[in-house]
Structure formats: C-alpha cells, structure tokens
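Dear colleague,

Please find the structure below, handed over for your own examination. My notes on it follow directly after.

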Amino acid sequence: MKKLISSVTIALLLAGAASAADLKIGTSADYPPWESVDASGEIVGFDRDFGNELCKRIGESCVWSNQAYDGLLPGLQVGKFDLVISGVSINEERAKQVDFSAAYADAPNSVVAAADSDAAKAVSVGELLEALKGKTVGVQTGTTHEQVAAAHFEGAQVRLYDRPDQVVDDLLAGRIEAGLMERSALEPLMKDRGAGKLSYAGPSLTSSDFPEFGQGQGVAIRKGKDELLSKIDEAVKAMLSDGTLSALSEKWFSYDLAAKKK
C-alpha cells in the first residue's frame, strides 16, 4: 500500500528545494586559459577555479553555463544568469548596464602580427598605430579589444570574430594582418600555432594606453543585487589578501595577474 505524504512533509521538501537554488554563472568557454572546455565537455580554467572558490566562500551552490561572449551581459540583464565570470573587463560603458565586483584580475593585452611585418618591428604605441594604418585587424566581438580598435586604430579595418583562435587562424592564412587580444589568451595560440610565424607587435597595452580596457576584470552582476554584490566583493578582497588569486594565476598562467589589493 502506498503511504500518503503529509502536507508537512511536502512543505519541508519544497522549502529544501527552494534553499538549494543554484546561482547561475554565465561564461564563454573559448578563451583558454581563462576558460575552455576539456575533452570530457567540462568547463575548466582560471575563471572556473576562481568562480568555484567564490561560490564556496559566499555559501552558494553554483551551476555554469557556456554561451557566446557577446551574449553574456545581455543574458545577465534579462535574468538568464545571476553572475558572469568570463574575464570581463570593467569599464564605464559596461558599468551603465551591469554592476561589477572589485577587480579580481588585471590582464595585459597585445597586438600580434606576422613576424616579418612592419607592425612586429614597432616598439612604441605610436609606432604600432602607424604600422596598423590601412591594415585589417581581427578582434573578438563584444570585447574591449573591439572598442579599442574602433576608437584608436585609425585607418585600420576592424574584422570581428566569435573566438580568439579564429583571429589567429585568419592571421596565419593571410586573411588579416594583425590581431588584438589579451596576452594570456594569445600565449597558448602563439605556442601551438604561431611559433616562428607570428610575433608580438609593440608593447603590452593596458588602460594607461587606452581607457577602453577598463579597470581590470570583475564579476558582472545584474543591477539591484546589492546584497549579493557586497558578499562577492568581500570574498574577492579576501582571496586577493590571502594569496588565493595569485596561486590560481600561477597555476593557469605561470605568472601573477591577480588585481592589486586596494
């Protein structure tokens, strides 16, 4: 005979289910070593390790969702995600749409070009910009690199791509003449595909060169979630202070790109 479930039991089950609600984290897992998908289909990388530790520290259960980069912030705004953790640079334009945590990382950016090109011989930012005039430059759509190229690469044609590896592949094929992206994302692509063929052009680029690069990378949160933002800020600052973010940086990048403690 089937036992009847009491109304009290049902209420307890519903309450338990409600308390176990997950925070939904959106990321674009095409940017190793920040985030990528391994052979088993699992999202891995610096941001995944950071996000998992963050969820633990704020006492939340989190689930990850992989999405094209340019859809992350719109998805956050309409409630598809609760957080976005995907190496998102904090800048003024984005801060009008979403809130950001304290910066957890601060990554340099680089232009890459054919090893025998004029751009590859550039030393200063001015020489680099001059060498890129009349050239086609590839960037990932929806990124600060798109903003920088559009605002400052005068005389250059900007071509948009969904993924960083597509930029490098077209550069190697001669379909574009330069690419701009975060140095950390370029390094594995340069090693695996561009060795001896591609070269870093000019100096590393930061917000001191182009303000569109923003103030480091932060966790993006839908506006109005002040309590959650406060908890995340406290956890990020603790992870910076106790060396957790530096250790994760060394693990994934072999150097420390943790944001400076403030």
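Ser-117 sits in the loop that runs between strand S7 (109-114) and helix H5 (118-121). Please bear in mind here and throughout that the model is predicted. With a relative accessibility of 18%, Ser-117 counts as buried, because the cut-off for that class is under 20%. A polar atom of the Ser-117 side chain lies 2.7 Å from the backbone oxygen of Ala-114. Ala-114 is thus the partner in this contact, and strand S7 covers residues 109-114.

I then turned to the enclosed space. How many cavities of 30 Å³ or more does the structure hold? There is one, and the largest cavity contains about 100 Å³ of space. Its lining consists of 14 residues; those nearest the centre of the cavity are Tyr-31, Tyr-69, Gly-87, Thr-143 and Glu-182. Sorted by class, the lining of this cavity comprises eight polar, four charged and two nonpolar residues.

Among the open pockets, I looked at the second largest, which has a volume of about 200 Å³. This pocket is lined by 14 residues, and Tyr-69, Asp-70, Leu-73, Arg-94 and Gly-142 are the closest to its centre. Three elements each give two or more residues to the lining: helix H3 (72-77), helix H4 (92-95) and helix H7 (144-152). Of the elements, H3 gives the most, with three residues. By class, the lining of the second largest pocket has six nonpolar, four polar and four charged residues. Tyr-69 may merit your attention when you view the model: it is listed among the residues nearest the centre of the largest cavity and also among those closest to the centre of the second largest pocket.

The last topic is a sheet. Five strands make up an open sheet with mixed pairing, in the order S4-S1-S5-S12-S6. Its edges are strand S4 (62-66) and strand S6 (99-100), each of which pairs on one side only. Within the sheet, strand S5 (residues 83-84) and strand S12 (residues 220-221) are paired in the antiparallel sense, over two bridges. Which residue of S12 stands opposite Leu-83? That residue is Ile-221.

I should be grateful for any comments you may have once you have gone through the model.

With kind regards

Definitions and conventions. Residues are numbered from 1 along each chain as its sequence is written. This is a predicted model: local features need pLDDT of at least 70, side-chain atom pairs count only at pLDDT 80 or more; totals for chains, interfaces and linings use all residues. Side-chain values use heavy atoms; hydrogens and water are left out. Helices (H or I, at least four residues) and strands (E, at least two) are DSSP runs, numbered from the N terminus. Buried means under 20% relative accessible area, exposed over 50%, partly exposed in between (1.4 Å probe, protein chains only). A polar contact is a pair of N or O atoms within 3.5 Å; within protein, one must be able to donate a hydrogen and the other to accept it, and residues adjacent in sequence count only if both atoms are side-chain atoms. On a 1 Å grid over the protein atoms alone, a cavity is a set of points where a 1.4 Å probe fits but cannot get out, and a pocket is an open set with protein on both sides within 12 Å along at least five of seven lines; lining residues have an atom within 4 Å of a point. Grid points are joined across faces, edges and corners, and a volume is the space filled by probe spheres set on the points. Ala, Val, Leu, Ile, Met, Phe, Trp, Tyr, Cys and Pro count as nonpolar, Asp, Glu, Lys and Arg as charged, and the others, Gly among them, as polar. Two strands pair if DSSP finds at least two bridges between them.
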